[in-house]
Amino acid sequence: MPEAVVIGAGPGGLAAAAMLRRVGVADTLILERSEWVGASWHKHYDRLHLHTVRWLSNLPGRRIPRSFGKWVGRDDVIRYLEDYARHHRLDIRHGVQVQRIVRSGEQWLLETSVGEIPATFVVVATGHNHTPRIP
């Protein structure tokens, strides 16, 4: 049983999982419904660049490489997110859809496409581009 589950492997989910590990929540599992880290970035047009400069766009615990330039492009953002996940050795399960989250005593129970997953902590990091549903 993971101590924490993060739903979503975009920038927010990756950063949350990495910082949970930093504060001692070592057994953190990321559930991602798509096949990719940073799935929404894969769907953006190929000439997209960040609207903030590289040195203001880092996730905590890992800088964006200087070689990516001042205005980081879409493909380099994707490379950075993949590298970030590897660097922090994040446990990501792809192709898992979370259907429901319920409180069960002292823990949370996530009902997913691969079965039930209990956890002490849950972070919902589905992002701005995902439409949340109220259970």
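**Overall size**

I began with the radius of gyration of this predicted model. For 135 residues a compact globule would come out near 14 Å, and the chain has 15 Å, so the two agree. I then took the box along the principal axes: the C-alpha atoms fill roughly 50 × 30 × 20 Å. For burial over the whole chain, I noted that 41% of the 135 residues count as buried. I also looked at how far apart in sequence the contacting residues lie. Among contacts with a separation of 6 or more, 56% join residues 24 or more positions apart.

**Order of elements**

Next I listed the secondary structure and found 3 helices and 7 strands. Read from the N terminus, the order is β-α-β-α-α-β-β-β-β-β.

**Helix α1**

I checked the length of α1 (11–22). Its 12 residues should span 16 Å at 1.5 Å a residue, and the end C-alpha atoms are 16 Å apart, so α1 agrees with that expectation. Which residues of α1 are buried? I wrote down G13, L14, A15, A16, A17, A18 and L20. These buried residues pack against β1, β2 (28–32), α3, β3 and β7 (121–124). After the helix comes G24, with a positive phi near 105°.

**L14, a closer look**

I picked L14 in helix α1 for its own entry. Its relative accessible area is 0%, so L14 is buried, the cut-off being under 20%. Beyond its neighbours within four places in sequence, L14 is in contact with G8, A9, I30, V37, L81, Y84, A85, L90 and I92. Of these partners, L81, Y84 and A85 also appear among the buried residues of α3. I looked up one distance too: L14 and V25 are 11 residues apart in sequence, with 14 Å between their C-alpha atoms.

**Helix α3**

I repeated the length check on α3 (residues 74–87). With 14 residues at 1.5 Å each step, α3 should span 20 Å; the end C-alpha atoms are 20 Å apart, so this helix agrees as well. The buried residues of α3 are R74, D76, V77, I78, Y80, L81, Y84 and A85. I kept a reminder beside that list: an α-helix has 3.6 residues a turn, so residues three or four places apart point the same way. What covers the buried residues of α3? The cover includes α1, α2 (39–43) and β3.

**The loop after α3**

I moved on to the loop between α3 and β3 (91–94), where R89 has its place. H88 lies in that loop too. Are these two buried or exposed? H88 has 15% relative accessibility, so it counts as buried. R89, at a relative accessible area of 64%, is exposed, because the cut-off for that is over 50%. For H88 I listed the residues it touches, leaving out those up to four places away in sequence: A18, R21, P60, G61 and R62. A18 is also one of the buried residues of α1. For R89 I looked at the backbone: phi is near 50°, a positive value in a residue other than glycine.

**The N-terminal end**

I turned to E3, found in the segment before β1 (4–7). Its relative accessible area is 31%, so E3 is partly exposed. Setting aside neighbours within four places in sequence, E3 is in contact with G24, V25, D27, A119, T120 and F121. G24 turned up earlier as the residue that follows α1. I looked up the distance to T120: E3 and T120 are 117 residues apart in sequence, yet 5.2 Å apart from C-alpha to C-alpha.

**A pocket**

My last entry is on the second largest pocket, with a volume of about 160 Å³. Which residues line it? I found P11, W41, L50, T52, S57, N58, L59, I64, V72, V77, Y80 and L81. By class, this lining has 9 nonpolar, 3 polar and no charged residues. Helix α3 gives the largest share of the lining, 3 residues. V77, Y80 and L81, from the lining, were already in my list of buried α3 residues. L81 is also a contact of L14, which ties this entry back to α1.

Note on methods: Residues numbered from 1 in each chain as written. Predicted model: local features only at pLDDT ≥ 70, side-chain atom pairs only at ≥ 80, totals over all residues. Heavy atoms only, no water. 1 Å grid on protein atoms, 1.4 Å probe; cavity = no way out; pocket = protein on both sides within 12 Å on 5 of 7 lines; lining within 4 Å. Points joined across faces, edges and corners; volume = space filled by probe spheres on them. Helix = DSSP H or I, 4+ residues; strand = E, 2+ residues; numbered from the N terminus. Nonpolar A, V, L, I, M, F, W, Y, C, P; charged D, E, K, R; others polar. Buried < 20%, exposed > 50% of the residue type's maximum accessible area, 1.4 Å probe, protein only. Expected span 1.5 Å × (residues − 1). Contact = heavy atoms within 4.5 Å. Rg over C-alpha atoms; globule rule 2.2 N^0.38 Å.
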